[in-house]
Amino acid sequence: MTGFLTLFYKEMLRFSKVFFQTVAAPVVTALLYLLVFASTFKGHAQILPGIPYVAFLVPGLMMMSMIQNAFANSSSSLIQSKITGNLIFVLLSPLSAVEFCLAFVGAAVVRALIVAVGVYAAAIAFIVVPIRHPVFLVLFGVLGSGALAALGLVAGIWAERFDQLAGFQNFVVMPLSFLSGVFYSLRALPPFWREVSRINPLLYMIDGFRYGFFGTADVPPAVSLTIVAGFFALVSGLALLLVSRGYRLRN
Amino acid sequence: MRAASDAITVTGLHKHFGRVYALRGIDVQVGQGEFFGLLGPNGAGKSTLINILAGLTHADSGQARICGHDVVSDYRAARRALGVVPQEIVFDPFFSVREVLAIQAGYFGMKGEENRRWREELLETLMLADKGDANMRSLSGGMKRRVLIAQALVHKPRVVILDEPTAGVDVELRTSLWTFARRLHAEGHTIVLTTHYLEEAELLCNRIAIMKDGCIAALDTKEALLRRALRKTLCVTVEEVVGDLPEALAAKVRRREAHSLEFSLQKGSDSIPAVLEALRTAGYTVVDIATDQADLEQVFLELTRGAA
């Protein structure tokens, strides 16, 4: 247990030492999106009844920041340790595969939650964003960022070079997070693209997270929660399998 | 077969990477409290063997145990008993020396004041006390290497593997590392040393394994290995200027100068008195002789030379 807590603490210490890069920068980026989209679409039709567009954007931007930062934290920490060789200190320790995965995923979730709280705290200085179902917020926040943190672990294990990881981030995670309903409702899409969007698991994270704020969603929240939990279980299971087999870690 | 309480027990270890066989059925036992040398040319399989012991590489078949604990099925106990100083200088650039040591100790559950004092003692012993709060990036190569040693010892392992600890370090640091290794050994640690500096192994180790092509080419006490040297050297100074020599003698000459000859003799078949007698018969007056004892380098070269 102490070993797990130490690795968890070390991973949090790592990102807190570069706080401006890991927390402040994504908060500012999310606020810039908010500023640009809010001023561009000011006065346009509401997407959800009774909710200004700028308020509609906030949960999506929070979740998108969580998704991207959870992935970035676990994947970059692992690949840096792998490439610089200092991962050996963890591999030489008596930590189990479960402890290893939990520590990396846990620290990434903490970073994601801090970023989300930062975005929310900054946003409510300008806009009213009510919270209707806090339990759903926590569930979708933790499971969603946990899933992406586990995916980051998988990508960090798989990638042998920084550009491979950047490819995964830019060609998989980034498009999926942008095309997951951050800026629009599923209902606004043409039928074909609506159906295509449904295969994107990140859509359910954002839709469910938004339900936590406004109490309304495109997909029933129980369905979204089941899909997000399933995705989390699937990716975590894969990460655990790779770590326990030592794939590209212990040759 | 040695006792079950051996520090390291390796039986029938095989490992291949693609078509390259790194280990071809290794059997080694290292007793508790030994200072054991692991030698071999590059690619002999030393690092693969160490990595399997440390759990960094999975063996294809065979067993490895640290203090009786299997490195796969009982990996937690095996890793607690083992400290490894890696060959490459690696470090985490995010942390200070004290943070690095505290984190490493934490992985092994070594918390509390007593363990903190042990870490401070390690810093003192390894002459790093004034660098405790410095970031790892700011340290010199020698200091980073000493931090690696401290990291390997934070959990007080019974068995310590030093994988080429003195490669590329200056003479002063090398000497201080030897002193430190001797001290660890005197305190009861089992030490396994891999090195390319044969005089280092000769100076420190009680027992030595020489690896070649994934096999153990020799495994014996240092003294027994030295006795294995196949050749010995005889230097003879003669009164006369060296000229023609009988054919049988000339074949054994390795070097000649005006008044001296250096013979390379085959152990067992060539005798020193016979060479001296042959010289006298050829008309030379021997005024001085000297013999050279075999060193480990000679044994190493004889055992590892030749076709694979």
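The questions below cover a predicted model, its chain A to chain B contact, one helix and one pair of domains.

User: What makes residues of chain A count as in contact with chain B, and how many are there?
Analyst: Contact needs C-beta atoms, placed from the backbone, within 7 Å. By that test 21 residues of chain A meet 24 residues of chain B. α1(A) gives the most to chain A's side, with seven residues. That side has eight nonpolar, nine polar and four charged residues.

User: How do you know that the span of α7(A) agrees with its length?
Analyst: The expected span is 1.5 Å times one less than the number of residues. For the 17 residues of α7(A), 162-178, that gives 24 Å, and the end C-alpha atoms lie 22 Å apart, so the two agree.

User: What is the bend in α7(A), and where is it?
Analyst: α7(A) bends by about 30° at A:Gln169. The bend is the angle between axes fitted to the seven residues ending there and the seven starting there.

User: Why is A:Phe168 called buried?
Analyst: Buried means 20 or more other C-beta atoms, placed from the backbone, within 10 Å of a residue's own. A:Phe168 is listed as buried, so it meets that cut-off. The buried residues of α7(A) pack against α3, α6 and α9 of chain A.

User: How do you know where the domains of chain B lie?
Analyst: Bounds come from an automatic or database domain assignment. It gives domain 1 (8-226) and domain 2 (229-304). Their centres, over C-alpha atoms, are 42 Å apart. Their contact takes 12 residues from domain 1 and nine from domain 2.

Note on methods:
Residues numbered from 1 in each chain as written. Chains lettered and ligands numbered in written order. Predicted model: local features only at pLDDT ≥ 70, side-chain atom pairs only at ≥ 80, totals over all residues. Contact = placed C-beta atoms within 7 Å. Helix = DSSP H or I, 4+ residues; strand = E, 2+ residues; numbered from the N terminus. Nonpolar A, V, L, I, M, F, W, Y, C, P; charged D, E, K, R; others polar. Buried ≥ 20, exposed ≤ 12 C-beta atoms within 10 Å, placed from the backbone.
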